[in-house]
Amino acid sequence: MRSAYDCIVVGGGPGGAWAAKHAAEQGASVLLLEKDREIGVPVRCAEAVGIAGLKAVIEPQPRWISNIIKGAVLVSPHGKEVLIASESAQGYMLDRKIFDYDLVQIATMSGVEVLTKAYVYDLIKPNGAVQGVRVQHMGKKVDVRARVVIGADGVESRVGRWAGLRTNIKLKDMESCLQMTLSNIKVDPHNIYLYFGQDVAPGGYLWVFPKNENVANVGLGVSGEFAKTKSARKYLQEFIDKRFPNAAVLYTVVGGVPCAPTLKRIVADGLMLVGDAAHQVNPISGGGIVTAMLAGQIAGEVAGKSLKTNDLTEKSLGVYARQWHKREGKNHERFHKLKQAVYKLSDNDLNNTADKVLKLDPKKRTIGNIFKAALVHHPSLILDIAKAFFK
Amino acid sequence: MIGVINDKCDFCGACVAVCPVDSIELYEARIKILKHCIDCMLCVWICPIETLAPLEALAEQECEALTIV
């Protein structure tokens, strides 16, 4: 490790790896810092990703894919199943351990240096502008200087807070999540299943994502608003006891997913935020792998170009914020509005929606049409639905 | 004051993200609650597996691994 770099990336997930790679490709010297001892571990993810989305950021490799998903089945509170088999519902089950590891490995081939077990505990910002990070590594505290710092430090981001950006999230926009990888179960290996309802996962949904016919990631997210009175653990335990009483639990993982619009400010002088740290998760699905990589790519490129012109001010780095907003941020604002409306629907409304959608020609059973049916009594949202899903 | 049962914690960071006063520190396998905690309870509510609780409640459970700084 040197004492100074052009760019330091904090966090070795997909967003950090892709930011590091794209900055390095612009000729920048880049150091990637990861607080855990290994890239890719622990996996904090349900591991499903849309094929079209993934292909937009990287060519999928067979070793990352544990299962191919043909469609999504939405299950209403009264148990009606709505299958969406359109192209947009097709996906992969990723093996995130291998995927994340490979993304960082790919980044190193562009010259990125990596340090694991490196805990960033503060920023260097002598006169307001960020000029590096303070790292705790192997029992020593070290200052490492950088002309620009990219915070890809996850939902718990403190890099942003130290730079004066408000990264904390409202309770209602945070999904309290828990997942168990279950074995010795029997599931449909071709489709993902999403369960909705006040008794199952209020303000969120429960998922069954199959790795094969006997193993699945089974988890749920409950909006913080509802988690107040009953924890995610209790909701999930009830579902598993009922549906998979004989399951063995291979892995349990906990997490918070920020289902909000992107933060108002994601850049400051010498600093950019990427991924969960910037709240760049799709607020409806809770998916954040592809969006983080997309943001990382834009951020890395803008950082690289700003380094060349030696202008690392908020104004110069703001090109990233604008490009992100145009590409995904704007859509996330619409998704967030729709999410809030959908989560106010009663179980009865959801049941009626399922009945209505089941009468549609299967070819017309798209996510957009489902939202249209669900929010039929919210005419003010029609335009948002049209812009979000029927571009 | 809020306490953590480190033995139970999965170190996911959800509590850090909702903390309005930045009083929680997350390491690879350790959580620290800092003195300026304002007892707002947001971290207690968001934790998916009930790892955090007011100290009084934790004391009753005779938890060994409390971390208070």
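Me: Hello! Before we start, what counts as a helix or a strand here, and how many of each does chain A have?
Reply: Helices (H or I, at least four residues) and strands (E, at least two) are DSSP runs, numbered from the N terminus. The model is a predicted one. Counted in this way, the secondary structure of chain A comes to 11 helices and 18 strands.

Me: Thanks! What radius of gyration does chain A have, and what would a compact globule of 391 residues have?
Reply: Along its principal axes, the C-alpha trace of chain A spans about 60 × 45 × 40 Å. For 391 residues, a compact globule would have a radius of gyration near 21 Å. Chain A agrees with that, since its own value is 21 Å.

Me: What percentage of the residues of chain A count as buried?
Reply: A residue is buried if 20 or more other C-beta atoms lie within 10 Å of its own. Applied to the 391 residues of chain A, this gives a buried share of 53%.

Me: Among contacts in chain A between residues at least 6 apart in sequence, what share joins residues at least 24 apart?
Reply: A contact here needs C-beta atoms within 7 Å. Once the pairs are limited to those at least 6 apart in sequence, the share joining residues at least 24 apart is 70%.

Me: Let's look at the open sheet of 7 strands in chain A. Which strands stand at its edges?
Reply: The order of the strands is β6-β5-β13-β14-β15-β12-β16, and the pairing is mixed. An edge strand has a single partner, so one side of it is left without a neighbour in the sheet. In chain A, the strands in that position are β6 (81–84) and β16 (248–258).

Me: By how many degrees are neighbouring strands of this sheet turned against each other on average?
Reply: The sheet in question is the open one of 7 strands in chain A. With direction ignored, the average turn between its neighbouring strands is 20 degrees.

Me: In which sense does β5(A) pair with β6(A), and in which with β13(A)?
Reply: Strands of a sheet pair through backbone hydrogen bonds, either parallel or antiparallel. With β6(A), strand β5 (residues 71–75) shares 4 bridges, and A:L74 has A:V82 as its bridge partner there, while A:V73 stands opposite A:L83. With β13(A), β5(A) shares 5 bridges, and A:V75 has A:Y195 as its partner. The sense is antiparallel with β6(A) and parallel with β13(A).

Me: Which residue in the turn between β5(A) and β6(A) has a positive phi?
Reply: These two strands form a hairpin with 5 residues between them. The residue in the turn with a positive phi, about 90 degrees, is A:G79.

Me: A:K117 and A:N184 have positive phi without being glycines. How exposed is each of them?
Reply: A:K117, with phi near 55 degrees, is in the loop between β8 and β9 of chain A. A:N184, with phi of about 60 degrees, lies in the loop between β12 and β13 of chain A. Because A:K117 has 15 C-beta neighbours inside 10 Å, A:K117 counts as partly exposed. With 12 such neighbours, A:N184 counts as exposed.

Me: Which residues does the cis peptide bond join?
Reply: One of the two is in the loop between β2 (30–33) and β3 (48–50) of chain A. With omega about -5 degrees, the cis bond joins A:V41 and A:P42.

Me: Finally, which element gives the largest share of the side of chain B that touches chain A?
Reply: 19 residues of chain B are in contact with 28 residues of chain A. The elements giving two or more residues to that side of chain B are α1 (14–18), β2 (24–27) and α2 (42–46). The largest share, 4 residues, comes from α1(B).

Conventions:
Residues are numbered from 1 along each chain as its sequence is written. Chains are lettered from A and ligands numbered from 1 in the order in which they are written. This is a predicted model: local features need pLDDT of at least 70, side-chain atom pairs count only at pLDDT 80 or more; totals for chains, interfaces and linings use all residues. Two residues are in contact if their C-beta atoms, placed from the backbone, lie within 7 Å. The radius of gyration is taken over C-alpha atoms; the globule rule is 2.2 Å times the number of residues to the power 0.38. Two strands pair if DSSP finds at least two bridges between them. Axes are lines fitted to C-alpha atoms, for helices over the stretch in contact, and angles run from 0 to 180 degrees between N-to-C directions.
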